[in-house]
Structures are given as structure tokens and as C-alpha cells.
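Morning, everyone. Please pull up the sequence and the structure, and follow along as I go.

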Amino acid sequence: MRYMTGFRYWTDRANAIVYQLCGICMLIIMVIGAIDIVLGNTIGYRPPATIDISQSLFTVSVFLALPVVIARNDHIRVDLFLGLGDGAFRGFSDKISAIISIPVYAVLAYAMWRLFMQSWGMNEKSVSLFAFPIYPIKFAAFIGLTLAALTSVSRLCLLLETPQEKKA
């Protein structure tokens, strides 16, 4: 169990770092939006590519926030049958959810890695007045999905611990 405690510690640390990057992306989105609105309404000039940059940073922030959402168990779920069972049913459904999410996030991370490598190989850029590279966005999505898979593993291990081990 010592290894699992260390694994959880490092996944939590990595999640905290990417969550801070997510917050920075959201701050940049707000600053860009404010500049766009103020300049557009005062002098009639809107900086080029503000929407493209904001959309790209929003995508990055969604993928970087995903591991933290999984760790907190705050993701969207359908609770149709949870009210019918007791606490054991809820625990069972949480374990099944974690078991299913591990390969799903792992496959998505693998697919995103391949997309990143293709994008990087051809130096893919956005199609706007201010062309910026797309591959860092895909790499950030890969990082978020990889951490989501690792966080799901950590969460499953936490759910599978016996009550005696949880107290220690």
C-alpha cells in the first residue's frame, strides 16, 4: 500500500499543477475577452484572432481540468438507479465507473498523442490572421487525458482498499 500512497501523492501533485495551468488559461481568456470588448467598443478595433486564441485556450483548460474533476468525483453522471440501492450499490457503481474510465481515457490519450505527433510533424498552424501553432494544444490535451487515466487508476485503488487500510 506504500506504493499506492506514493502513486496517489504524485498524481495529486501533477493534477494540482495542471489545474493551475488551467486557471492561467482561463485568466488569459478573460483578459483577451476584456481587451477585445473594450477596444471594440471604444475605438472600433478588434485585435485579430482573439476568438481563435480564446477557443484554443478553452479547449486546453477543459482537458487540463479533467483529472481534477475525476479525482474529486465531480463528473457528470446519471443517478437513475443510485436511489434504489444502498451505500453498497453506490460503492459498486463507483468501482465500475473507475474500471471503465481507465481504458477509455487511456485510448483517448493514445489517440491524442498520435494527433499531436501528426500536428507537430507538419507544424500545423491555425488558419487566422495571427497564425499560431496547434500542436501545443493537442499536447496539453494528451497530458490531461493521460493524467485522467492515471487519476482513474488511483481512484480505483482508493475504492478497492479495505476499511482497515483506510484508517491507517
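Start at Ala-141. Leaving aside residues up to four places away in sequence, Ala-141 touches Phe-63 and Met-112. Ala-141 lies in helix 4. Buried or exposed, this Ala-141? Buried: its relative accessible area is 3%, and the cut-off for buried is under 20%. One caution before I go on: this is a predicted model.

Now look from Ala-141 to Ala-109. In sequence they are 32 residues apart. In space, their C-alpha atoms are 7.9 Å apart.

Next, the cores. The largest nonpolar core has 14 residues. Which of its residues touch the most other members? Leu-57, Val-60 and Leu-64. Three elements give two or more residues to this core: helix 1, helix 2 and helix 4. Helix 1 gives the most, with five residues. Take Leu-57 for a closer look. Its contacts include Cys-25, Ile-28, Ile-29 and Ile-32, again not counting residues up to four places away in sequence. Apart from this core lies another one, of nine residues. Ala-141 is back here, as one of its members. Ala-109, Met-112 and Phe-142 are also among them.

Stay on helix 1 for a moment. Ile-24 is found there. Ile-24 counts as partly exposed, at 46% relative accessibility. Along the chain, Ile-24 and Ser-61 are 37 residues apart. Their C-alpha atoms are separated by 8.6 Å.

On to the rings. How many aromatic pairs are there? The count comes to seven. I'll show two of them.

First up, Trp-113 and Phe-142. The ring centres of Trp-113 and Phe-142 are 4.9 Å apart. Their planes sit at 50°, so this pair is tilted. The pair links distant parts of the chain: Trp-113 is in helix 3, Phe-142 is in helix 4, and 29 residues separate them. Trp-113 is partly exposed, at 33% relative accessibility. Phe-142 is buried, at 17%.

Then Phe-116 and Phe-139. Here the ring centres are 5.0 Å apart. The planes are at 50°, so this pair is tilted too. Phe-116 lies in helix 3 and Phe-139 in helix 4, so the pair ties together parts that are 23 residues apart in sequence. Phe-116 is buried, with a relative accessibility of 7%. Phe-139 is partly exposed, at 33%.

Step back from the single pairs. Which residues do ring pairs link into a cluster? Trp-113, Phe-116, Trp-120, Phe-139 and Phe-142. So both pairs I just showed have their residues in that cluster.

Now the charges. The structure holds two salt bridges. 

One joins Asp-36 and Arg-46. Their closest N and O atoms are 3.6 Å apart. This pair links distant parts of the chain, 10 residues apart. Asp-36 is in helix 1, and Arg-46 is in the loop between helix 1 and helix 2. How covered are the partners? Asp-36 counts as buried, at 13% relative accessibility. Arg-46 is partly exposed, with a relative accessible area of 41%.

The other salt bridge joins the side chains of Glu-124 and Lys-138, at 3.0 Å from N to O. This one also links distant parts of the chain, 14 residues apart. Glu-124 is in the loop between helix 3 and helix 4, while Lys-138 is in helix 4. Glu-124 is partly exposed, at 25% relative accessibility. Lys-138 is buried, at 19%; the limit for buried is under 20%.

Last stop, the surface. Which residues form the nonpolar patch there? Phe-89, Phe-92, Ile-96, Ile-99, Ile-100, Val-104 and Leu-108. Together they have about 600 Å² of accessible area. One of them, Ile-100, has its place in helix 3, which covers residues 87-121.

To recap. Ala-141 is buried in helix 4, and belongs to the core of nine residues. Helix 1 gives five residues to the largest core. Ring pairs connect helix 3 with helix 4, as Trp-113 and Phe-142 show. And the surface carries a nonpolar patch that includes Ile-100. That's the tour. Questions, please.

Conventions. Residues numbered from 1 in each chain as written. Predicted model: local features only at pLDDT ≥ 70, side-chain atom pairs only at ≥ 80, totals over all residues. Heavy atoms only, no water. Patch = residues over 30% accessible without salt bridge, like charges linked within 9 Å, V, L, I, M, F, W, Y side chains within 5 Å. Areas by Shrake-Rupley, 256 points an atom, 1.4 Å probe, with all protein chains shown as cover. Salt bridge = Lys/Arg side-chain N within 4 Å of Asp/Glu carboxyl O. Helix = DSSP H or I, 4+ residues; strand = E, 2+ residues; numbered from the N terminus. Buried < 20%, exposed > 50% of the residue type's maximum accessible area, 1.4 Å probe, protein only. Contact = heavy atoms within 4.5 Å. Phe/Tyr/Trp six-rings, centres within 6.5 Å; stacked < 30°, edge-to-face > 60°. Core = buried A, V, L, I, M, F, W, Y, C linked by side-chain atoms within 4.5 Å.
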